[in-house]
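The following exercises concern a single protein chain. Each sets a task and then works through the solution step by step.

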Amino acid sequence: MLWQLIVHHDEDMREMLEDGVRAAFASLRLPARPIDKGNIERAGRALEDHGLDTCSLVVIGSSTPADAASSIGLTGRDPTMQFVRQIKGFWQQLPVVVISNAPDERLAGFLEAYDRTALLAADARLAETLREAVRTLVGGQPRLSSACVRLHIHLRDRRSASWEMLRTGGAKLRTFRASGTLAIDSRKLEDILDESARLDAEVSQNSFRPRSFARLSRDLSDLLFSGAADNADCWSKFSRQREEAGGMGHMRVRVTVDDEMHTLMLEALRDPSAASLADCWILNAPMYRHAMPRGNEPLFRDAESRNGPVNALVVQADAAPGNIPLGDDRVLELDELPHAATEAAELEALLRRHAGGSVRRLDLGDADPAPPAERLLRALVDEAPPQGWHLVHFCGHAVNVRPLGASLVLRADRGGALPVHRLATALAHTQFLFLSACHSTKDPTVLRALEQQVPAVLGYQWKVRDERACNFARLFYGALFERGAPSYRYLEYAFMRARRRAYEEAVHDAEARLMADGADPGAGIEDALRDHSWISPVLVMQMD
C-alpha cells in the first residue's frame, strides 16, 4: 500500500500537515496513509522499514533536525537538503514538499534543480497551499515554490528612476519578470525632500506629527506610481503580481538611492489608495535600502553564520553627559543616556543565551584610564576571536559636526569621539553593525565609509529617545533569535517584525492616553501617536 512520510520537529505542525495530506489525497480519490517522524534519522529508518518504492509523498520541514539530539535552532537547512538529495538520488520523480518558516532563496535555488518539488511558506494559508501542492505534484506537475514578488526601485537621480520586478512560486504560477523606467517629477521630488527635512526637524524638536508623515507617504506613492504612463505601468504590474502571490505579506522591497537622494524618507511608502499608517509597507513586508555587494555577505546569509555560532561585541559608550570642544569657543553639548547600560546588559544576556559564540560587552564608562577609542579599536582587532566579530552593536551618541566629521561619541569629552572611517577599518570581518544612536544613518558619508567593510548596517535617520532605542533593540534581537519564528536568523524579517511591534506599542500607548483624557480610543488614534521609533530605523544591506 502507498504511504506518505511527514517529517517535522513540531508535533502540532506534523498533525496539521497530516490533515492537509489526507484532504489532498481524498480529493484525488487516493488512499492516504501518512506516517509522521520528528527528525531525519527516524525518517530514514521509516523509509527503510516501509520501502522507498511504496512512498508516494514526502513532506518535510526546512529546518528539521538531523536526529533527536540535534539543536533545532542551529540545524539550518543543510540536513533537510541532504535528505532531499538522497531521496532524489534514488527516485527523481518522488514528490517532495518542503515547509519553510521564512523565504530562503538558497533553499529555493536548491529545490529548483529537482522535478516534483514544492517550497511552501508556513503562513496562514499553508493548509490551502499544501492541499493544492500535493494535488498538483501527485497529479504529475513538475514544480511549485513559495510565492513571493520582489520589487527593486533604483533612484538614479532627480529626473529618472528604474524598477525591476520578479515574482516566483505559488500554485499554478510561473515566474514573472519585468522592468522599466519611472519618470520623476523634479518639482514633486523637491517638495518631498523638503517634507522629509521638515519631519526630521519636527522629531528633533519632539513635535512629531503623524499627519505630516501620512502626507509624505501619500506624496511619495504619487511620485513613484502615478502621473506618467511608465509609473502607472509599474504599479499596475506590481499590484497584480502581489495579489497573485498572496498579498502584501508575500512581497519584498529594496530601494537603491544615491547620496543626493539619501534623505528621502522612502520608509513612508504605502499603496496609493491606503488610508492608514498600519498599511505602510515597512510594517507588512521586508523593506530595506540596498548597497552594491563588495565581498562579505550579510549576517545569516552565508552558510557559516546561518548555521553556526555568532561572535558578538556589544559596545556601551560612556553614558554620562558632557561637552566636546569644537574650537573657537564652541562646544557640543551631549545629554545623558540613562538607558544605554540597560540596553547593553540585556543584549549581552540575550546573545549569551542564543548566539552560540563568543560574546563580550565593552563598557567604556568604567574606570579604565586608557582612551576609549584605543580600547574600542583594540577590542575590535587585537582582542577579537579568531573568526572576528560577526555582530557589533554600539549604543551611544552619533554626531556629524565640524571639525569632528561623522563620528561615534565614546565619551562626551575632548578626544572621546571616534571618526566613522577609523571604525570602518576595524570591522573587516563584521557582517552586521547596529548603530543604536540618533542620526547614525542620516549622513550618506557614514554609510559609504561603513559599506566598504560591513555588508549590513542598521541605524537611525532621526532623533530617538534612548529608552525607545533600547526597546527597539530588544524587539529586534528578540525576533532575530526567537527559534521557530519566521524571523529567526533573518535580519530583514526581524527588522520588519520589530517595526510592527514598535508600531503596535505606540498605538497602545496612544489609546491609553486618549482613554485617560476621556476621549474615544478608537477615534483619531493615529493622530495621537507620539512614538516614532518604528519609522526612524533604516536597514542597509549588500544583498541582491
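**Exercise 1: Overall architecture**

The secondary structure of the protein chain comprises 15 helices and 21 strands, where helices (H or I, at least four residues) and strands (E, at least two) are DSSP runs numbered from the N terminus. This is a predicted model, in which local features need pLDDT of at least 70, side-chain atom pairs count only at pLDDT 80 or more, and totals for chains, interfaces and linings use all residues. Residues are numbered from 1 along each chain as its sequence is written, and side-chain values use heavy atoms, with hydrogens and water left out.

Task: determine whether the radius of gyration of the protein chain agrees or disagrees with that of a compact globule.

Solution.
1. The globule rule is 2.2 Å times the number of residues to the power 0.38, and the radius is taken over C-alpha atoms.
2. For 544 residues the rule gives a value near 24 Å; the protein chain has 25 Å, which agrees.
3. Along the principal axes, the C-alpha atoms fill a box of roughly 90 × 55 × 50 Å.
4. Of the 544 residues, 54% count as buried (buried means under 20% relative accessible area, exposed over 50%, partly exposed in between; 1.4 Å probe, protein chains only).
5. Among contacts (heavy atoms within 4.5 Å) between residues at least 6 apart in sequence, 70% join residues at least 24 apart.

**Exercise 2: The surroundings of threonine 430**

Task: establish where threonine 430 is found and which residues threonine 430 touches.

Solution.
1. Threonine 430 is found in the loop between α12 (420-425) and β19 (432-436).
2. Threonine 430 counts as buried because its relative accessible area is 3%.
3. Leaving aside residues up to four places away in sequence, threonine 430 touches Trp389, His390, Val392, Gln453, Val454 and Pro455.
4. A polar atom of the threonine 430 side chain lies 3.1 Å from the backbone oxygen of tryptophan 389.

**Exercise 3: Backbone geometry**

Task: assess whether aspartate 329 and arginine 489 are buried or exposed, and describe their phi values.

Solution.
1. Most residues other than glycine have a negative phi, and most peptide bonds are trans.
2. Aspartate 329, in the loop between β12 (322-327) and β13 (330-334), has a positive phi near 65 degrees. At 82% relative accessibility, aspartate 329 counts as exposed.
3. Arginine 489, in the loop between α14 (466-480) and α15 (491-516), has a positive phi near 60 degrees. With a relative accessible area of 1%, arginine 489 is buried.
4. The peptide bond from arginine 402 to proline 403 is cis, with omega near 0 degrees; proline 403 lies in the loop between β16 (397-401) and β17 (405-409).

Conventions:
Polar contact = N/O pair within 3.5 Å; in protein donor to acceptor, adjacent residues only side chain to side chain.
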